[in-house]
Amino acid sequence: MATRSTFDSQLESFAGRRLSATIPDAWASLSDVEQELGLTRSLAMQLMIAGVARRYTAPISGPHLDRPYVIRSGARLFIPRSDLDILRDVPIARVSDLAYINVRLGPGTMNDRPGLRKYLGYSIEFTATEAYEAATHWWYFRDIDDWCGRHFVASVAGFVTLAGRIDRVIHHPTRDRVKFDVDTTDSRARAAFESQRIPIHRGGPALKIGAVAPS
């Protein structure tokens, strides 16, 4: 006898077969994210839309996500409660004695300046290459060459999305911008920053953190 095309009472299977994607049954609001993570409304929104929580559960793998990471109802945003729990448990990096470059990313956007990079910011739906280029390419810095060998950290609302050691600084041929060759396999950088949370520093989107530059 044919199986009826119906859902089970828990919405976990259809036509007798388990659903390929789990449907979240608990959601956290923008206010929840603000309050539980101690963020401003703007930073909380950026964190939710970028899908950063999924960065902390699995390596970047592009757009193949098994369930929604953010939903919108009118002007209201929600993320799965389990994703907020992940973010709340992210440890604070103990890096007060380290000098590092911090680029502060927003949610992923299309670049409105052709010829530099395809995307700006961060999205869990970026491929590994897209996320790397969006984080490391074409920032404004002065006197940056001496920072080779230091740590490079990209973050959204203080949550680290990429960390590594600066191997080389490359200057744009016609614009006052630089990009970084970053070794994301560097063990010291990973130990200090990977899957952790750093302070939200005042200033622009691209910052030198720490008073002492490398010799």
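In the predicted model, contacts within the protein chain are weighted towards long separations: of those between residues at least 6 apart in sequence, 65% join residues at least 24 apart. The chain comprises 215 residues, of which 44% count as buried. Its secondary structure consists of six helices and twelve strands. Along the principal axes, the C-alpha atoms occupy a box of roughly 75 × 35 × 35 Å. The accessible surface amounts to about 12200 Å², and carbon and sulfur atoms account for 49% of this area.

An open sheet is built from five strands, arranged in the order E11-E10-E9-E6-E12 with mixed pairing. Its edges are formed by strand E11 (178–183) and strand E12 (206–209), each of which pairs on one side only. On average, neighbouring strands of this sheet are turned by 40° against each other, direction being ignored. Helix H5 (residues 128–136) packs on the sheet, where it touches E6, strand E9 (151–156), strand E10 (159–171) and E11. The direction of H5 makes about 130° with that of E11. Within the sheet, strand E6 (residues 100–104) and E12 run antiparallel and are joined by four bridges. In this pairing, Ile101 stands opposite Lys208 of E12. In general, strands of a sheet pair through backbone hydrogen bonds, in either the parallel or the antiparallel sense.

The loop between H5 and E9 contains two tryptophan residues, Trp138 and Trp139. Trp138 has a positive phi of about 65°, although it is not a glycine. The relative accessibility of Trp138 is 11%, so this residue counts as buried, the cut-off being under 20%. Trp139 is likewise buried, with a relative accessible area of 9%. Beyond its neighbours within four places in sequence, Trp139 is in contact with Val103, Leu105, Arg117, Ala134, Arg177, Val178, Phe180, Pro205 and Ala206. One of these partners, Phe180, is 41 residues from Trp139 in sequence, while the C-alpha atoms of the two residues are 8.9 Å apart in space. Several elements described above are represented among the contacts of Trp139: Val103 falls within E6 (residues 100–104), and Ala134 falls within H5 (residues 128–136). Val178 and Phe180 belong to the edge strand E11 (178–183), and Ala206 belongs to the other edge strand, E12 (206–209).

A further residue with a positive phi is Ser195, for which the value is near 55°. Ser195 is not a glycine, and it is located in the loop between helix H6 (187–193) and E12. In contrast to the buried Trp138, Ser195 is partly exposed, with a relative accessible area of 28%.

Another set of pairings is centred on strand E5 (residues 76–80). Four of the five residues of E5 are buried, and the strand is therefore largely enclosed by the rest of the structure. Strand E3 (residues 27–29) runs antiparallel to E5 and is joined to it by three bridges; in this pair, Trp27 stands opposite Pro80. Strand E4 (residues 71–73) also pairs with E5 in the antiparallel sense, again over three bridges. Here the bridge partner of Arg72 is Leu77 of E5. E4 and E5 form a hairpin with two residues between them. Gly74, which lies in the turn, has a positive phi of about 65°.

Buried positions are also found in helix H2 (residues 41–50), namely Leu43, Ala44, Leu47, Met48 and Ala50. The residue that follows H2 is Gly51, whose phi is positive, near 70°.

On the surface, a nonpolar patch is formed by Phe7, Leu11 and Ile23, which together have about 310 Å² of accessible area. Leu11 lies in the segment before strand E1 (13–14). The relative accessible area of Leu11 is 46%, and this residue is therefore partly exposed. Membership of such a patch requires over 30% relative accessible area, a threshold that Leu11 meets with its value of 46%.

Conventions: Residues numbered from 1 in each chain as written. Predicted model: local features only at pLDDT ≥ 70, side-chain atom pairs only at ≥ 80, totals over all residues. Heavy atoms only, no water. Pairing = 2+ DSSP bridges. Axes fitted to C-alpha atoms, helices over the stretch in contact; angles between N-to-C directions. Contact = heavy atoms within 4.5 Å. Buried < 20%, exposed > 50% of the residue type's maximum accessible area, 1.4 Å probe, protein only. Patch = residues over 30% accessible without salt bridge, like charges linked within 9 Å, V, L, I, M, F, W, Y side chains within 5 Å. Areas by Shrake-Rupley, 256 points an atom, 1.4 Å probe, with all protein chains shown as cover. Salt bridge = Lys/Arg side-chain N within 4 Å of Asp/Glu carboxyl O.
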